[in-house]
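Me: Hi! I'm new to this one and would love a relaxed walk through it. Can we look at it together?

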Amino acid sequence: MSAPRIGVTGMWSNQIHGLRFDGSAVSSAVLRSVVRAGGEPLTLFAEGPSPAMDRLRGLDGLLVPGGADVNPRRYGEEPGPATSVADFSVQDQFEADMMAAAIAQRIPVLAICRGFQLLNVEHGGNLVQDLAADSPHRNGVHEVALEPDSRLAAVVGAVSLPVSSYHHQAISTVGVGLRVVGLAPDGVVEALEHSSAELLAVQWHPEDTAAVEPAQHAIFQWLVDRARVSTESLETREIAV
């Protein structure tokens, strides 16, 4: 039986070690986390001739990982001095289109850090462009409290857990149709769920410790397991035909 195919959006970067010119990059820790959970990760390039709906054909799940800041113009603000947007202007729209198409097609989605923030923006929310210089979110570990009745709490098997945090922006206004299911001690929103989609979105980086922490691994396992359901369903239909 085929491994579930997980599309992972690549970040178009001006410079990548070993390349003469620009390239597309995805964190190896993210890709390894998908493999560890039994999935086959496939990096998606930010440009393509096909619409997002077509690009999802053959994929069983979608992962939108961390990266550069979402362009504040998407939520009606000008970039602040500390905001660092993606190197190429197509990045935000590419990932927004892929998430929207996956949600519409009921394909399971995992959104991490930048992906989490972009999801919120695309649902009408906005962001704090720069947290305080001494914020524990910038590069550290802190606790997150989860809603006991949330999908995420069921997935990780806990209502509180330590997380690896690396971000200088945060949700200000929550988007329409999204539910806050995780908060840091200082009130920063750390996890979202969608009102109808098979989707988990987290502000922290579960890939940082997924190799050694079962709760963080479980987030990737959820994505691959839900993707496997659609894979098995498709293969069953093909055999029947």
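Reply: Happy to! One term before we begin: partly exposed means a relative accessible area between the buried limit, under 20%, and the exposed limit, over 50%. Also keep in mind that this is a predicted model.

Me: Okay, so why does D130 count as partly exposed?

Reply: Because its relative accessible area is 37%, D130 falls in that middle class.

Me: And which residue forms a salt bridge with D130?

Reply: That's R138, with the closest N and O atoms 2.8 Å apart. R138 is partly exposed too, at 27% relative accessibility.

Me: How many salt bridges are there in the whole structure?

Reply: A search of the whole structure finds nine. Salt bridges that share partners join D92, E95 and R114 into one network.

Me: What's the distance between R114 and E95?

Reply: Their closest N and O atoms are 2.7 Å apart. R114 lies in helix α4 and E95 in helix α3, so this salt bridge ties together parts that are 19 residues apart in sequence.

Me: Are those two buried or exposed?

Reply: R114 counts as buried, at 1% relative accessibility, and E95 is buried at 1% as well.

Me: Got another salt bridge to show me? What does D54 pair with?

Reply: D54 meets R57, at 3.1 Å from N to O. R57 is exposed, with a relative accessible area of 65%, while D54 is partly exposed at 30%.

Me: Switching topic: how many aromatic pairs are there?

Reply: Two. W12 and F45 make a tilted pair, 5.1 Å centre to centre with 55 degrees between the planes. W12 lies in strand β2 and F45 in the loop between β4 and α2, so the pair ties together parts that are 33 residues apart in sequence.

Me: Is W12 buried or exposed?

Reply: W12 is buried, at 11% relative accessibility. W12 also forms a stacked pair with F88, at 4.1 Å centre to centre and 10 degrees between the planes. F88 sits in the loop between β5 and α3, so this pair links parts that are 76 residues apart in sequence. Ring pairs link W12, F45 and F88 into a cluster.

Me: Last topic, pockets! What's the volume of the second largest one?

Reply: About 220 Å³. It is lined by 13 residues, and G67, D69, Y166, H167 and H168 lie nearest its centre.

Me: How does that lining divide up?

Reply: Three of the lining residues are nonpolar, seven are polar and three are charged.

How values were computed. Residues numbered from 1 in each chain as written. Predicted model: local features only at pLDDT ≥ 70, side-chain atom pairs only at ≥ 80, totals over all residues. Heavy atoms only, no water. 1 Å grid on protein atoms, 1.4 Å probe; cavity = no way out; pocket = protein on both sides within 12 Å on 5 of 7 lines; lining within 4 Å. Points joined across faces, edges and corners; volume = space filled by probe spheres on them. Nonpolar A, V, L, I, M, F, W, Y, C, P; charged D, E, K, R; others polar. Phe/Tyr/Trp six-rings, centres within 6.5 Å; stacked < 30°, edge-to-face > 60°. Helix = DSSP H or I, 4+ residues; strand = E, 2+ residues; numbered from the N terminus. Buried < 20%, exposed > 50% of the residue type's maximum accessible area, 1.4 Å probe, protein only. Salt bridge = Lys/Arg side-chain N within 4 Å of Asp/Glu carboxyl O.
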